[in-house]
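Visitor: I've got a structure open and a pile of terms I'd like to see justified. Could you walk me through them?

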Amino acid sequence: MRYLPLTDNDRHEMLGKVGLSSVDSLFSDVPEIARLSSELELPDHKGEFEVEKIIESLAGKNVSTADVPSFLGAGAYRHHIPAAVDYLIQRGEFLTSYTPYQPEISQGTLQMLFEFQTQVSLITGMEVANASMYDGATSCSEAVLMARRITRRDKVILSGGLHPHYRAVTETHTKYLDIEIIDAPSDLNGLEDLSKLISQEVSCVVVQNPNFFGHLKDFSKLAKTCHANGVLLIAVVSEVISLGAVLSPGDMGADIVVAEGQSLGNPLSYGGPYVGLFATREKYLRQMPGRLCGQTLDETGRRGWVLTLSTREQHIRREKATSNICTNAGLCALAFCIHLALLGESGFRRLAELNHYRAVQIADYLNNINGVDVLTNCFFNEISIRLPGPADEVVSKLASRNILAGVPVSRLIPNENELNNILLVAATECTSEAEIEKLSKALKDII
Amino acid sequence: MTHSRDLSKSSKEQPIPVNSGQSGHQGLNMEEALLFELDSKGKSGVDLPTVPKFENRLGSVSRDSNIGLPGLSEPEVIRHYTRLSQKNYAIDTGIYPLGSCTMKHNPRLNEKLVRLSGFSGLHPLQPVETTQGALELIDKTASWLKILTGMPAVAMSPAAGAHGEFCGMMAIRAALDQRDGGKTSRRRVLVPESAHGTNPATASICGFIIDTIPANDSGRVDIEAFKKQMGDDVAAVMITNPNTCGLFESDIIEISELIHEVGGFFYCDGANFNAIVGRVRPGDLGIDCMHINLHKTFSTPHGGGGPGAGPVVLSASLAPFAPLPWVTFDDQNYSLVEHEIKPTEKFPIGRLKAFHGQMGMFIRTYAYMLSHGKDGLAQASGDAVLNANYIMENLKDLMTPAFEGPCMHECLFDDGFLRGTGVTTLDFSKAMIDEGYHPMTMYFPLIVHGAMLIEPTETESKRSLDDFINSIRYLAKSAISGKKEKFIGSPKFTPRRRLDETRAARSPILRWNSVKAQSNESDEAKTNNL
Amino acid sequence: MSNRRYTEDHEWIELEGNIGVVGITDYAQEQLGDVVFVELPDVGIRLTKSDELGVVESVKAAAEIYAPASGEVVEVNEELSSNPSLVNDDADGAGWFVKMHVTNIDELNDLMDEVAYSSYILGLQ
């Protein structure tokens, strides 16, 4: 078998050295009853060509956003990834290396993580960031737990504009920790006022910008109200490209910023693996979950990097750890870092501008369709529109015409009837005017 | 205060001057500045079309200042990250004998298949009619996991092993709550003292209190002590099998009977599944749930620290509590259940991450499974265990095995053989780096003094093992015969010498351009022009 | 130093009237290695003997500190936040952690005196 280097000769020699007659006898510790007596109902090994054929055929049963006009968003966005990114992350020294616990032979990973942490701090407008988490949603739940540790209060307010998956994940991760979650009603029109819910019993308020329905807001005032009451403001960003055109959450007064970094460097990949960003103020450093890379000097006085402040983490604090998290998003963070390095300041700003430009185009086109109401006035690259009938039916019909028209809100919020006709439509730099025209025409036909 | 191990004693030697060329490089061992120090204003490595003038709809929150990101061209970015990569050790470079990490070869076929546009270009929220192939792959992967473990159900969405532990313990908590009429009074979770730190951390997050089970002299759970700790208030036991000492818990069936007798659940940490995959089904051992690290047993790449994936197989009693979403098949079409539908026989614990799970890791895993087949997997676990025993056999005369008898896929030594030499486990491991090897896992499990846990995996050739053994023997002999100079101050040949972790923790510098960073460069570094 | 008392977990407490100064021993800091951070309780907190009082962190370890006696924390050593190395340099003196108003001085009778503690740590090595 091509991945297994031992030959029968090797095994024979090695067994001889160990003093046993067969490989099976190495398993004598396993209770008789537990050893497999019959064959597993699985096929035997296959060569590369055969495996390729099987998996390619599965891939062929899918409609890729690469092949048809696509307007899907809701927390995952199709962007163009420069070829250099994918080439670099496949270098064996990045792909097949482990967590940098031995810093002397991991300076590549560590220097990259330091750059990543800096990039995340810069784009979010915060003082420090960690070396990434599983995804935006779990970063959000970790932020809520961190706010509780800092404020020692148990009430949490979740904006009605928070991505439903982020809300659900936060609820799951806090379920048995005596945290009371207050869910604001769905903020379809972007006008919710959370300040009325703030009190001295609240540990944090979680808002998303742009929110799930696409609305862009200024949270500076809310931040002030929070701080006047000792409450932390947690800002969620599910489309990081927006940070190239929009005021950063840090600038608006957020205390913790969490984000989904998928839009940079990472393909859609049917939902994972993605990369969670986590940034906060320096004074909260020791309460931050996840890995941290820090700068130091080696014995010769040269600058280098190490994982640091590990005493917050599970392998040392065990039951008192800030989180049980062990891995970060490693390779996904590297992809993010390289993509942003290629873009640079000017590229990132222009990319954001391009995204917004396409979204404005779509908004204008769709607004001209009878029966379609564009609900978002201030947005980045995603808008919500109201259709005359159920949005999921429209999406289905358009899918059979090979147009992936967007995400019906009912897919994520199934039991609020007033939202059944709402469709989220996203645009990126990959969206062309021709595709927008196509969508527009098809919608007109169907409605 | 409780006794803790000191690992941070820094060398008190004088810094050694660096021999380098005028540039600061040493041949192919190159210095590389930070991205931010290579910045040129306005440069970009991407050509984007000019945006026509238009009126934006950003309202009052349009960005009004620079972010501060550096600009580089593509050649500069490629050179930068190529140079960084060359400072890393990796599986592609050499053996990575980290215990319980299962650093096996990462097949490149898996990378090729993940990049098929029919997978990479799939948005998670496309209508399910357009993603039938993806759902089928998830289902087939799930099926293999169930068959290999002998368990009826599996939760695919956890993003990593620790996340999978959380999933399993949440399911246990939910099952107990339901059975005990709303809120269970059971709070105790028994965890062996040799357990990985994620186990107690996870149990805590689920509202449990940890009770530690001692190990006996043979490195396994002390079954008599375990019996004494049993009680009606025990919610669960968390056992790693094979355990973190590399040994099969021979009393495991009795353990599962005992915990079930008192009405508790059996969580199995599947980190070491590589030792038994294809030969033993954990379901036959009486477990209720087990997380599987796809990045360990199933070869998905470690990527410098992630991403991982940690699906959890579940027994019939825990299956109803599996988190959302899951894949269903109605004889014709695949679909996704993403919301609770009441009334129901299922009581999902909620959702663990956005979307459906680590699809990229499922594709790699499925390709690995198809490539190996049941015969290949059994061969892999057999070779993994043989390799570890071969290493043990070839080192045990010089080094001190922690426990008697053969091991499974990893072998464990303590620092007994270093007593009196002045060389610590830490020094030994740093000297291994100079020999060209990534050190084994050190100081874990905690129950063994100065532990050294070696897991070669099945993808090391005999030649690779022999080379490794020779180097370790050489180092062991050097330590025992008093050649301390080999160890103190190592590693000497790496891009960086030993780094000051105390300094990093006392004055954290976590990003470029903080004021601390600029004032902390030593004068020596400036003189050397590095 | 004659009325200094020691716990088996290597905390020391020394009474000045009924204010007890609490720290960890030199042996303890030796074991921990370079201290990087000390987490101290708030002033005003009431503790029972053996309650967790704080945490000492070195690079690779974190150790809980337990109250050697019951009482109320009246002062914490602010120096330690900017200078945690004080614990290594002078664990018995300037590296003190908290001062507490001890409610029941008799609790100290159960603790070891200097002689007993010295032989205790000899036995550990």
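Guide: Sure, and keep in mind that this is a predicted model. Let's begin with a helix pair: Q361(A), I362(A), Y365(A) and L366(A) in α10(A) meet E433(A), I436(A) and S440(A) in α13(A).

Visitor: What makes residues of α10(A) and α13(A) "meet"?

Guide: The test is that C-beta atoms, placed from the backbone, lie within 7 Å. Q361(A), I362(A), Y365(A) and L366(A) on α10(A) pass it with E433(A), I436(A) and S440(A) on α13(A). By class, that contact has four nonpolar, two polar and one charged residues.

Visitor: What makes E433(A) the charged one there?

Guide: Glu counts as charged, along with Asp, Lys and Arg. E433(A) is a Glu in the contact, and the tally has one charged residue.

Visitor: Why is α10(A) called roughly parallel to α13(A)?

Guide: Helix α10(A) and helix α13 (residues 433-446) of chain A pack at an angle of about 25°, with their axes 10 Å apart. Angles under 35 degrees count as roughly parallel, so α10(A) is roughly parallel to α13(A). The crossing of the two helices is right-handed.

Visitor: Which helix gives the most to the side of chain A that touches chain B?

Guide: That's α10 again, residues 330-367 of chain A, with 21 residues. Overall, 167 residues of chain A are in contact with 179 residues of chain B. Chain A's side divides into 86 nonpolar, 48 polar and 33 charged residues.

Visitor: How do you know which strands are the edges of the sheet in chain A?

Guide: The open sheet has seven strands in the order β1-β7-β6-β5-β4-β2-β3 (chain A), with mixed pairing. Strands β1 (128-129) and β3 (180-183) of chain A each pair on one side only, and that makes them the edge strands.

Visitor: What makes β2(A) and β3(A) a pair?

Guide: A pair needs at least two bridges. Four bridges join β2 (residues 155-158) of chain A to β3(A), so they count as paired. The two strands run parallel, and L158(A) stands opposite D183(A) in β3(A).

Visitor: Where does helix α8 of chain A lie?

Guide: Helix α8 (residues 220-228) lies across β4 (202-208) and β5 (232-237) of chain A, running at about 145° to β5(A).

Visitor: How many residues link the domains of chain A by contact?

Guide: The domain assignment gives domain 1 (83-339) and domain 2 (344-446). In chain A, 16 residues of domain 1 are in contact with 22 residues of domain 2. Domain 1's side divides into eight nonpolar, seven polar and one charged. The C-alpha centres of the two domains lie 28 Å apart.

Technical notes. Residues are numbered from 1 along each chain as its sequence is written. Chains are lettered from A and ligands numbered from 1 in the order in which they are written. This is a predicted model: local features need pLDDT of at least 70, side-chain atom pairs count only at pLDDT 80 or more; totals for chains, interfaces and linings use all residues. Domain bounds come from an automatic or database domain assignment. Two residues are in contact if their C-beta atoms, placed from the backbone, lie within 7 Å. Axes are lines fitted to C-alpha atoms, for helices over the stretch in contact, and angles run from 0 to 180 degrees between N-to-C directions. Angles under 35 degrees count as roughly parallel, over 145 as roughly antiparallel, 65 to 115 as roughly perpendicular and the rest as oblique. A crossing is left-handed if the near helix is turned anticlockwise from the far one by less than a right angle, and right-handed if clockwise.
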